[in-house]
Amino acid sequence: MAARGRRCAGVEIDADPGTAERGTIVHQVIDGYLRAHPGRLPDDALGALLEFGAAGFEKIRAQPTLFAFWWPRFERVAAWFVAEERRYREAVSRISSEVKGELVLDAFTLTATADRVDVLKDGSLSERKSTR
């Protein structure tokens with residue numbers, strides 16, 4: 001929804017922060033949540049994720065139309081994420097978020113940051129991509 005300064009369904013659309021910024025907000029929220037809960041998820045995992053989300057989406061709260069459009073979508077994504085994460089973590093022994101690495105090949109150095117690298121219970125690794 002990149003409708004800057006236009007009307008949609010009779011409502012003036014606030015300045016859109018752009019797809020990249022929305023993706024960054026969601027990415028930061030998920031990253032913060034994973035860092036806060038690297039082991040077992042809390043009993044109210046959805047409530048905890050929504051708290052992180054509320055803090056992350058605070059920067060667009062001043063744009064009520066935009067917030068009203070994106071926050072309910074985040075709530076649905078959060079519910080899906082928590083359900084998937086609970087299922088997935090049954091096979092995981094450790095999660096790590098924003099893992100940096102580098103590979104030196106002669107005069108060339110390749111650097112990268114994985115959104116998430118998990119050690120599975122069978123000892124294998126799993127790299128998971130988030131929203132960015």
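This report describes a helix, a set of salt bridges, a strand residue and a surface patch in a predicted model.

## Helix α4

Helix α4 covers residues 64-88, and its 25 residues should span 36 Å at 1.5 Å a residue, which agrees with the 35 Å that separates its end C-alpha atoms. Several aromatic residues of this helix are buried, among them Phe67, Trp70, Trp71, Phe74, Phe81 and Tyr88. The buried residues of α4 also include Leu66, Ala78 and Val82, together with the charged residue Glu85.

## Salt bridges

The count of salt bridges in the model comes to 7. One of them lies in helix α1 (residues 19-36), where aspartate 31 and arginine 35 are 4 residues apart and therefore separated by about one helical turn. Their side chains meet with an N to O distance of 3.0 Å. Aspartate 31 counts as buried because its relative accessibility is 15%, which is under 20%, whereas arginine 35, at 48%, counts as partly exposed.

In helix α4, arginine 87 forms a salt bridge with glutamate 84, and the closest N and O atoms of this pair are 2.7 Å apart. The two residues are 3 residues apart in the helix, so about one helical turn separates them. Arginine 87 is partly exposed, with a relative accessible area of 49%, and glutamate 84 also counts as partly exposed, at 26% relative accessibility.

Glutamate 85 and arginine 89 are joined by a salt bridge between their side chains, with 2.7 Å from N to O, and both of these residues are buried. This pair belongs to a network of salt bridges that links Glu85, Arg89, Arg116 and Asp118.

## Serine 126 in strand β5

Serine 126 is placed in strand β5, which runs over residues 125-128, and it counts as buried because its relative accessibility is 16%. The side chain of serine 126 makes a polar contact of 3.1 Å with the side chain of tyrosine 88, a residue listed among the buried residues of α4.

When neighbours within four places in sequence are left aside, serine 126 is in contact with Tyr88, Arg116, Val117, Asp118 and Leu120. Of these partners, Arg116 and Asp118 also take part in the salt-bridge network with Glu85 and Arg89.

## A nonpolar surface patch

Leu103, Leu105, Phe108 and Leu110 make a nonpolar surface patch of about 390 Å². The elements that give two or more residues to this patch are strands β3 (92-105) and β4 (108-120). Leucine 105, which is placed in strand β3, is partly exposed, with a relative accessible area of 44%.

Conventions: Residues numbered from 1 in each chain as written. Predicted model: local features only at pLDDT ≥ 70, side-chain atom pairs only at ≥ 80, totals over all residues. Heavy atoms only, no water. Expected span 1.5 Å × (residues − 1). Buried < 20%, exposed > 50% of the residue type's maximum accessible area, 1.4 Å probe, protein only. Polar contact = N/O pair within 3.5 Å; in protein donor to acceptor, adjacent residues only side chain to side chain. Contact = heavy atoms within 4.5 Å. Patch = residues over 30% accessible without salt bridge, like charges linked within 9 Å, V, L, I, M, F, W, Y side chains within 5 Å. Areas by Shrake-Rupley, 256 points an atom, 1.4 Å probe, with all protein chains shown as cover. Salt bridge = Lys/Arg side-chain N within 4 Å of Asp/Glu carboxyl O.
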